[in-house]
Structures are given as structure tokens and as C-alpha cells.
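Here are a few short exercises on charged side-chain pairs, each with a worked solution. Have the structure open and try each task before reading on.

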Amino acid sequence: MKRRPRRTTPAALTALVVTAAGVLTATVAVQLILGERPWLDYGATARRLHELRWADLPVVVTGGFVALLGLVLVLAAVLPGRLTVLPLRGDPDSGAARHSLGSTLRAAAARVDGVEKVRLKLRRRTVRVRVRTRRTRPDGIADAVRVAVAARLDRIDPVRRPEVKVRLRALRSTS
């Protein structure tokens, strides 16, 4: 099971812009039909656009912005995002949510004796664990955290097992 993220943000922004343009066009059309003064004067807008040349700065800047926005939207649609459900060995439909996997690995690191605070980043190929302790002699804590996280990964058994990297920060005791 390889579930990719939904591209809701680019889709929502595109839908919002297209809807706003449609609402503006419909409002101006209704105002023209009713004989009222429209928000946008079509004649003035057409005259202003007719005066512009392709090499004018506003045309070049607007064209560049629209091209860049189009490229970003195409890349957001084509490039694969991070997996939201990581596949597990065994049943083809088995998977673990990225958030749940991070939480359970964080809990495994937090259970190690002497660990005060845990920060964990789950990447494609690595699990980066930052651990903080108040012990003045933190010998062996980093190895114990690495072993605990690796043991939890062995129990979960993901298809692609990430490498566990642990960084320990020892704080001085205030007492």
C-alpha cells in the first residue's frame, strides 16, 4: 500500500482563483444587463490593454509570473509527494501512517532510562532522533535509544527500513 498525499493546497488555490474570476465576470455581466455602472469598465480595460506592447515591463512581469505559477502547479501535479502511508512487509494492503509511525518511534525512544525529551524526524531513508538528558554522565544513552528505536522498527517491519541516527544533548544539572 503506497498512499500518496492529496494535492489539496494547489487544487484549492487554483479553484479559488478560477472561482473569483468567474464571480467577477458574472457580476460585471449582470451589472451590464441591468444597465448599472459595472465594477470594471470593459472599454477602459480594453483601451489600456490595447496600448500595451509585448516588450513593456508590466506585460513581461505578468507573463513571467503566470508562467512560473503554471510551472509550479504542473510540478505539484506531476512530482510524487511523500508517502502518507508507509508499506509494511507481509499483507500487500498493510501499511502504517507516517504520523503514527513517528509517534510510536518517539515513544520507544522516550522509554529509555535517562531520556528527558525526544524529537524525531522521519525521513525517507533515515530516522533522526534528538534526545535530551539531564544526566551528567550520559554514557550509553544514545546507544540505548538507537537500540530501542531499531527494535521498534523491527517489530513494525516496514518495507524500506530507515537508518536510525541519534544525537544526544546532555544538560548540566542545576542542583
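**Exercise 1.** Work out whether arginine 146 is buried or exposed, or in between, and find its salt-bridge partner.

*Solution.* Step 1: the relative accessible area of arginine 146 is 31%, so this residue is partly exposed (buried means under 20% relative accessible area, exposed over 50%, partly exposed in between, with a 1.4 Å probe and protein chains only).
Step 2: its partner is aspartate 143, with 2.9 Å between the closest N and O atoms; a salt bridge here is a side-chain nitrogen of Lys or Arg within 4 Å of a carboxyl oxygen of Asp or Glu.
Step 3: aspartate 143 has 47% relative accessibility and is also partly exposed.
Step 4: both residues sit in helix 5, three residues apart, about one turn of the helix (helices are DSSP runs of H or I with at least four residues, strands are runs of E with at least two, and both are numbered from the N terminus).

Before going on, a word on the model: it is predicted, local features need pLDDT of at least 70, side-chain atom pairs count only at pLDDT 80 or more, and totals for chains, interfaces and linings use all residues. Residues are numbered from 1 along each chain as its sequence is written, and side-chain values use heavy atoms, leaving out hydrogens and water.

**Exercise 2.** Find which salt bridge involves arginine 89, and place both partners in the chain.

*Solution.* Step 1: arginine 89 pairs with aspartate 157, the closest N and O atoms being 3.4 Å apart.
Step 2: this pair links distant parts of the chain, 68 residues apart. Arginine 89 is in the loop between strand 1 (85-87) and strand 2 (95-97), while aspartate 157 is in the loop between helix 5 (141-156) and strand 5 (163-170).
Step 3: arginine 89 is partly exposed at 49% relative accessibility, and aspartate 157 is partly exposed at 31%.
Step 4: look at the backbone too, where phi of aspartate 157 is near 60°, a positive value in a residue other than glycine.

**Exercise 3.** Find the salt bridge between arginine 134 and glutamate 116, and say how exposed each residue is.

*Solution.* Step 1: the two side chains meet at 2.9 Å, N to O.
Step 2: arginine 134 is partly exposed at 42% relative accessibility, as is glutamate 116 with a relative accessible area of 37%.

**Exercise 4.** How many salt bridges are there by this rule?

*Solution.* The count comes to six.
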